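Here are my notes after going through the model you sent. I've kept them as numbered points so you can check each one against the coordinates.

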Amino acid sequence: MNTRLFQNHIVRKEIPLEPIWDFHTLNAEEEKQEKFQMIVPGCWESNPKLSSYKGKALYSKKVFFGGNVRLVFKGVSHTAHVYLDKKEVSYHYNAYTEFSVILEDIPYGEHLLEVKVDNTFHEESALHVRNDYYSYGGITRPVVMEAIDDMFIRHIHFIPYKENGKWYASISAFVNNLSSEEKMVTLKIKINDEEVSFNDKALPPHTETRMENSYEFRSAIPYTLENPKLYRMEAKLLYNEKEVDDLIDRVGFREIKVSGKDILINGEKVIIKGVNRHEDYAEFGCAIPIEAMYHDIELIKSLGANCVRTSHYPNDERFLDLCDENGILVWEESHARGLNEEQMRHKNFEKQSLDCIREMIENHINHPCIYVWGILNECVSNTEFGRSCYAKQFNYIKRLDSSRPVSFASLEGNVGSDLCLDLVDIVSFNIYPGWYHHTPVKDSLKNIKDFVNRTGGADKPLLISEIGAGAIYGHRSNNQDKWTEEYQQYALSEQVSSILADEDLSGVIIWQYADCRVDPGWFHGRPKTQNNKGLVDIYRRQKLAYNTVKEIFHSTLY
């Protein structure tokens, strides 16, 4: 099964997993109930009988294999227990990040693989709560089973940088030795026609070893938005001069920096013209097929946008691959939205948040499209306890990847009280003049700028990370009432034009690209139980505002 848009291995072999799995809903005692056949990856809501199912379910499949195996889940929504032959081998929480299971010395033969999935808002869940988007259920992203040697490469991290007009990269390799003996290995990494290596490295038994060094790449062509040049990074692990494992990824040579109030890509100022995007597509739910991802990319490019914010969680890596290929910048965000202080004091909040950050960065760090890491959308950045949470998460991000800026989207209501603007590289605010209140857009922008300039956010880039208005597709009126396409068109025209004309701002990310399903508890403010602020609806039909924003984006420099 393709977990990326390109082949990840040649030496390491994949064990085929057919896409049809046996599936049972489970009752409160976890006894099997109704049986279905379920497609993996997919949301169980795609089955009409389960379109609003909140609960537990069991996926099962018989697989013939043996030896050492790495089982990779790109996303299970949202709590997963993995079993092999009725024995639990892994537990994972969070729908939006990858996790893997190492199975060692498995006898060759037929084995039962089972995954128990829970999408309820249970008491152990700090991040998946009733919210302004829907928590789907199922094995929602690809799964792959790989046959591995005693030694294998878990990650290769590539951080490009430029010094004295020359391109370099810091390369970190994470290599595992499952055996009980020390092994001497060589790791060779080829990027285009240039090869670097870690020679004669000792791997202690039952340990992961990190190898790290910096190298010059003399023939590197920069990755730019106009020419998104990608290179295959092919790593091969050699033991006794024999190739025992490999890993293939894609990288690009580019630098993201902040200088005063400007965001710089390879030293050039960029104005952000973006959209927020939920992974939600009509009856596919969050398990979006690659063809639909491609359609989204083409609509976003046609709009003239140069940025996508992954609201409010890490995205399917295949979508990031498409952004890499098309030169679309990505604000990738760790999972959390709108949590109050009581919710952030949940016993599992810190661990689940840091786990999500680690898994997001470990698995997505090589994507050149990602220009900023974001956290904690519209949470309590205006309290001392909230500040301590933001500070801890930003410190953790910087330890994992210091090459990118960090930000968070502050709530408009925190203008005047936000305590965290000194912690970020890019200041960001979500505002809705003309929708939730009638303050003129320019007055709202002035209020934000005046406040930011009195805080630790002064002299930093300032983004409007959300702005918009709702419209129900096909609802038209000459009265320009709210929820009509005409009113959304009017509101966005004024909002976006005002922001892009303001030289103190670094850009705008419109809320949102497409309508999305929300939790039923939000029905009273969300007609059709959807967030209807999309430029297109859940089927990607364009509203009037789409072409209005398109005209503005295409007429704006940068």
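1. Let's start with the small sheet. Keep in mind throughout that this is a predicted model. The sheet is open, has 3 strands, and runs in the order β18-β19-β20 with antiparallel pairing. At its edges stand β18 (256-259) and β20 (268-269). Each of these two has a single partner strand, so one side of each is left without a neighbour in the sheet.

2. For the register, look at β18 against β19 (residues 262-265): they pair in the antiparallel sense over 4 bridges. A handy landmark is Val 258, whose bridge partner in β19 is Ile 263.

3. Next, the cysteines. How many disulfides does the structure hold? The count is 0. Cys 379 is in no disulfide, and the nearest cysteine sulfur, on Cys 389, lies 8.9 Å away. The cut-off for a disulfide is a sulfur pair within 2.5 Å. Cys 379 has 3% relative accessibility, so it counts as buried.

4. Cys 420 is also unpaired: its nearest cysteine sulfur is that of Cys 389, 9.1 Å away. Cys 420 counts as buried because its relative accessibility is 0%.

5. On to the packing. Which residues touch the most other members of the largest nonpolar core? They are Phe 429, Ile 464 and Phe 553, in a core of 80 residues. Helix α1 (residues 290-303) gives the most to this core, contributing 6 residues. There is also a second, separate core of 31 residues, with Ile 15, Met 38, Leu 50 and Phe 65 among its members.

6. I'd spend some time on helix α2 (residues 317-326). Of its 10 residues, 8 are buried, so the helix is largely enclosed by the rest of the structure. For this call, buried means under 20% relative accessible area. The buried set has nonpolar members, namely Phe 319, Leu 320, Leu 322 and Cys 323, but Glu 317, Arg 318, Asp 321 and Asp 324 are in it as well.

7. What covers the buried residues of α2? The cover includes the helices α1 and α4 (349-364). Strands take part too, including β17 (242-251), β22 (307-309), β23 (329-333) and β24 (370-374). Helix α1 thus turns up twice in these notes: as part of this cover, and as the element that gives the most to the largest core.

8. A last detail on the same helix: α2 is followed by Gly 327, which has a positive phi near 65 degrees.

Definitions and conventions:
Residues numbered from 1 in each chain as written. Predicted model: local features only at pLDDT ≥ 70, side-chain atom pairs only at ≥ 80, totals over all residues. Heavy atoms only, no water. Buried < 20%, exposed > 50% of the residue type's maximum accessible area, 1.4 Å probe, protein only. Pairing = 2+ DSSP bridges. Core = buried A, V, L, I, M, F, W, Y, C linked by side-chain atoms within 4.5 Å. Contact = heavy atoms within 4.5 Å.
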